[in-house]
Amino acid sequence: MNDIPSTEAQDRPARLTVGVVGAGRVGPALAAALQLAGHRPVAVSGVSDASRRRAAALLPDVPLVPSEEVLARADLVLLTVPDDALPGLVAGLAETGAVRPGQLLVHTSGRFGAGVLDEATRAGALPLALHPAMTFTGTSVDVQRLAGCSFGVTAPEQLRMAAEALVIEMGGEPEWIEEAARPLYHAALAMGANHLVTLVAQSLELLGKAGVEAPDRMLGPLLGAALDNALRSGDAALTGPVARGDAGTVAAHVTELRKHSPQAVSGYLAMARTTADRALAQGLLKPELAEDLLGVLSDVADRTEGGTR
């Protein structure tokens with residue numbers, strides 16, 4: 001890590017002017033939360049109409065300006081752009097001289113730690129990585145959801161307290177993540193949250209095709225209980241035909257999926273294999289039943305792959 005400027009966070013004004021570069025779903029919500037804590041949003045940059053609407057809704061009366069102007073006006077700048085766009089944005093801001101010494105530069109990417117801000121750090125910025133472990137809607141409800149939300153925090157050691165204090169001011173709970181562990185940390189969250197949405201959406205669609213009039217009402221209690229059990233007990237909460245070794249039921253599932261939702265078959269098979277492996281390792285699935293089940297899954301997978309060639 002490059003040397004951090006000698007300006008210490010505790011020497012800065014207690015209340016900061018705040019800017020947002022990238023008015024997606026995350027930036028305006030975090031700026032609004034900081035505003036509730038007494039900080040003052042002063043500038044936002046956004047390109048799309050949706051970004052401008054979000055900024056207007058969550059940060060009324062805060063002017064929309066180019067990103068370089070955001071940095072010129074703010075003590076604390078939130079860089080809330082997509083992960084892949086972040087390195088280029090940082091490099092561009094540093095190259096144009098937009099970064100000011102002693103300026104707190106905060107990104108919200110889960111994938112990156114503070115190292116992605118190195119070019120800005122060399123220009124005098126104070127680098128912080130604060131990733132909220134939350135899904136965002138782009139509406140005011142996001143500000144409320146930050147209460148108790150965990151943030152993955154990565155920063156130089158001398159800025160750790162400042163980073164954690166900002167998270168607490170937004171209503172969150174700081175969780176320290178080492179620089180090298182950021183990609184793994186983010187992969188874990190993506191598996192749990194992003195893939196969950198896909199699974200639930202597929203379940204809703206299939207229940208509708210099965211004639212269920214209110215799939216959401218049916219799934220709500222079931223998924224709520226499953227999530228609660230999983231958080232409490234981990235693999236010990238596994239239930240269902242795969243964990244029981246009901247190979248015939250699993251084969252019937254795949255037959256129906258082929259008829260009604262062929263695109264869901266590969267995902268079902270992948271999750272069934274993973275579930276079987278974990279259930280077997282936990283002693284929930286008997287080895288003799290696991291052999292039959294994995295045999296069915298293998299045969300089904302071979303037939304599926306053969307049909308797509």
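Arg160 is partly exposed, with a relative accessible area of 25%. The model examined here is a predicted one. Arg160 takes part in two contacts of different kinds, described in turn. The guanidinium-bearing side chain is treated below simply as Arg160.In one contact, Arg160 lies over the face of Trp176, at 4.1 Å from the ring centre. In the other, the side chains of Arg160 and Glu164 meet in a salt bridge, with N to O at 3.1 Å. Both residues belong to helix α7, which spans residues 160-169. They are 4 residues apart, about one turn of the helix. Glu164 is also partly exposed, at 21% relative accessibility. Buried residues fall under 20%, so Glu164, at 21%, is not counted among them.

The structure holds 9 salt bridges. Among them is a pair in helix α8, residues 182-209. Here Glu205 bridges to Lys209, and the closest N and O atoms are 3.9 Å apart. The cut-off for a salt bridge is within 4 Å, so the pair qualifies at 3.9 Å. Glu205 and Lys209 are 4 residues apart, about one turn of α8. Glu205 is partly exposed, at 38% relative accessibility. Lys209 is partly exposed too, at 45%.

Another of the salt bridges joins Arg244 and Asp246. Their side chains meet at 3.0 Å, N to O. Arg244 has a relative accessible area of 48% and is partly exposed. Asp246 is likewise partly exposed, at 27%.

Aromatic pairs were also examined. A pair of aromatic rings is described by the distance of the centres and the angle of the planes. The structure holds 0 such pairs. Trp176 does have a charged neighbour over its ring face, namely Arg160.

Strand β1 covers residues 17-21. The strand is mostly covered, with 5 of its 5 residues buried. Both faces are covered. Thr17, Gly19 and Val21 are buried on one side. Val18 and Val20 are buried on the other.

β1 pairs with two strands, β2 and β3. With β2, residues 40-45, the pairing is parallel and runs over 5 bridges. Within this pairing, Val18 has Pro41 of β2 as its bridge partner. Between β1 and β2 the chain passes through helix α1, residues 27-36. This β-α-β crossover is right-handed. With β3, residues 76-79, β1 is joined by 4 bridges, again in the parallel sense. Gly19 stands opposite Val77 in β3. Val18 and Gly19, which have these partners in β2 and β3, are buried on opposite sides of β1.

One backbone angle deserves mention. Most residues other than glycine have a negative phi. Asp61 has a positive phi of about 75 degrees, although it is not a glycine. Asp61 is found in the loop between α2, residues 49-58, and α3, residues 67-73. Asp61 is exposed, with a relative accessible area of 81%. The exposed class begins over 50%, so Asp61, at 81%, belongs to it.

Conventions
Residues are numbered from 1 along each chain as its sequence is written. This is a predicted model: local features need pLDDT of at least 70, side-chain atom pairs count only at pLDDT 80 or more; totals for chains, interfaces and linings use all residues. Side-chain values use heavy atoms; hydrogens and water are left out. Buried means under 20% relative accessible area, exposed over 50%, partly exposed in between (1.4 Å probe, protein chains only). Two strands pair if DSSP finds at least two bridges between them. A crossover is right-handed if, with the strands pointing away from the viewer, the path from the first strand over the helix to the second runs clockwise. Rings of Phe, Tyr and Trp (its six-membered ring) pair if their centres lie within 6.5 Å; planes under 30 degrees apart count as stacked, over 60 as edge-to-face and the rest as tilted. A charge sits over a ring if NZ of Lys or CZ of Arg is within 6 Å of the ring centre and within 35 degrees of the ring normal.
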